[in-house]
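Take a look at this two-chain model. The report below goes through its folds, its sheet and its interface.

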Amino acid sequence: MADAKTDPLLTPVVDDDGTPFWEYAAQGELRIQACGNEACAELRWPPRPCCPHCQSFATEWRRMTGKARIWSYVVPHPPLLPAYAALAPYNAVLVELTDAPRIRLAGNVVTEAGEPPDSVPPDRLRIGARVQVAFAERDGFAIPQWVLERS
Amino acid sequence: MASSLKDATAIAGIGQTSFAKQLPESEKALACRAIVAALDDAGIAASEVDGFASYTMEETDEVEVAKAIGAGDVTFFSKVGYGGGGSCATLAHLAAAIATGQASVGVAWRSRKRGSGPRPWRNTTAQLPTPAQWTRPFGLLRPADEIAMLTRRYMHEYGATRDHLFNVALACRNRANQNPAAMMYERPLTRDMYMTSRWISEPLCLFDNCLETDGALACVLVSAERARDCRHRPVYVHSVAQGLPAQHHGMVNYWNDDPLSGPAWTAARQLWKQADFGPQDVDVAQIYDAFTPLIPLSLEGYGFCGRGEGGAFTEGGALETGGRLPLNTAGGGLSEAYVHGFNLITEGVRQLRGTSTAQVPGASTCLVTAGEGVPTSAVLLRT
């Protein structure tokens, strides 16, 4: 039988377009794909081969401040994969970046970097709450997490 | 050749297996049973079938079906992606093929052992790169988690409540209670049961989620002229549309500018543009209900109410028999069977034949929709 020990939390299944995100994350940087055409320079997410605004294939990865607000959140309960069932109920959030409100990232709100997705009680979460990115190591990946700002 | 699909084709036959948590036969055998039943219902020989359409998630290929049932030379076959978003698109593809002479007798079907088989989200090896990379590591594992995210935002923005979601679950359950073929026949639902049930992914509880079902369904599509010679009153495909909105992101739509206006809005624009009637003229609706919040979102998308009004629309028995828009009259995915929405198509046909177990008197128009939140499709049926 699969259990939480033999079947750990999932790591990203990285594709070509997403590779730079994870490389920058490993350096502690939150970067988002943007059009490399200076006349356009629009951000886009998730990453893709060309710009939907100007069709340029020139690409850059723009550094973000890591500040965001909770757009929505859920609290999953079993049945779940074993490692997640062991944490449930935990939170999963969608945040929108303060620098670029239409860029949204999924993640977990935690007490501090490296803590698990059940470390913050769900009743402390509110849509609109301010959070800051932090990175946690998971099987060779730097996984973005979100820490509530003190208000 | 037809320059429009409007009323050019009609559904002449429907068929289905029983629905249960576990059926002994294989998906392939169930598919063949449903198709043979649909052909018998139409009074058309299997040897006349020359067109097939199904879902990319369908495990039984048209090759297997064709040789098992004894189809003749097949000249059109098509599969549509995005899970339950493809249900009505199977009719769209067959209608286009028949109206343009590529085929004459089309079969659409779905067979699935989702009741006794594996839950797709448990497979961590075969995942689309986008959600696998950007959502799954964070524990957004299941469709219920993904839709719950949109649901909480929807409730926050528009004041929709769990009572609104309960209204959806209750309407479907009440109709299933009238339908002996439904998995939830003779199993009533109360508000207390709903409000005290276990969470699946907050804010969604057990009764906000569809059933897990083994079963298969099929329908037979032919030209309008041919349908008039078949056994039953023809049910015409009046308008049919697929919808993939600009900047939509597949099965998880978190990244366009406005995630709460989903593919339904795109499909609806095309659907109504081609139709001779509008939302106010729809007698009965079969709206894809893998999760209760898809109903208010779809009511808005297909124009039955304004943006943000979908929750309030459900009040006052609007979705019940005799209400403004009787919904999912065989019980839907929530309470009849969850077979990727194909049972919504067959119930639409029964309503327009006058043979539903929860018949809307004199129903002559029906909207059937496919999964919302994913690239979708919809069809307007009329007598």
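In chain A, 52% of the contacts between residues at least 6 apart in sequence join residues at least 24 apart. Two residues are in contact if their C-beta atoms, placed from the backbone, lie within 7 Å. This is a predicted model: local features need pLDDT of at least 70, side-chain atom pairs count only at pLDDT 80 or more, and totals for chains, interfaces and linings use all residues. Residues are numbered from 1 along each chain as its sequence is written, while chains are lettered from A and ligands numbered from 1 in the order in which they are written.

**Chain A**

Chain A has 2 helices and 8 strands. From the N terminus on, they run α-β-β-β-α-β-β-β-β-β. Helices (H or I, at least four residues) and strands (E, at least two) are DSSP runs, numbered from the N terminus. The C-alpha trace of chain A spans about 50 × 40 × 25 Å along its principal axes. Its radius of gyration is 16 Å, which agrees with the value near 15 Å for a compact globule of 151 residues. That radius is taken over C-alpha atoms, and the globule rule is 2.2 Å times the number of residues to the power 0.38. Of the 151 residues in chain A, 33% are buried. Buried means that 20 or more other C-beta atoms lie within 10 Å of a residue's own, with C-beta atoms placed from the backbone.

**The sheet of chain B**

Chain B holds an open sheet of 9 strands with mixed pairing, in the order β3-β2-β4-β7-β1-β8-β11-β10-β9. Which strands stand at the edges? They are β3 (76–80) and β9 (284–286) of chain B; each has a single partner strand, so one side of each is left without a neighbour in the sheet. Neighbouring strands of this sheet are turned by 25° against each other on average, direction ignored. Helix α1 (residues 27–42) of chain B packs on the sheet and touches β1, β4 (105–113) and β7 (214–223) of chain B. The direction of this helix makes about 130° with that of β1(B). Axes are lines fitted to C-alpha atoms, for helices over the stretch in contact, and angles run from 0 to 180 degrees between N-to-C directions.

Strands of a sheet pair through backbone hydrogen bonds, either parallel or antiparallel. Two strands pair if DSSP finds at least two bridges between them. Here are some pairings.

| Strands | Sense | Bridges | Residue pair |
|---|---|---|---|
| β1(B) and β8(B) | antiparallel | 3 bridges | B:T9 and B:V237 |
| β2(B) and β4(B) | parallel | 3 bridges | B:F52 and B:V107 |
| β4(B) and β7(B) | antiparallel | 9 bridges | B:V105 and B:V222 |
| β3(A) and β5(B) | antiparallel | 2 bridges | A:V75 and B:E202 |

Now for β4(B): 9 of its 9 residues are buried. B:V105, B:V107, B:W109, B:S111 and B:K113 point one way, and B:G106, B:A108, B:R110 and B:R112 point the other way. In a regular strand the side chains alternate between the two faces of the sheet.

**Where the chains meet**

How many residues does each chain bring to the contact? Chain B gives 31 residues and chain A gives 32 residues. On the chain B side, α4 (129–134), α5 (143–158) and β5 (199–202) each supply at least two residues. The most comes from α5(B), with 6 residues. This side of chain B divides into 13 nonpolar, 10 polar and 8 charged residues. Ala, Val, Leu, Ile, Met, Phe, Trp, Tyr, Cys and Pro count as nonpolar, Asp, Glu, Lys and Arg as charged, and the others, Gly among them, as polar.

How values were computed
Buried ≥ 20, exposed ≤ 12 C-beta atoms within 10 Å, placed from the backbone.
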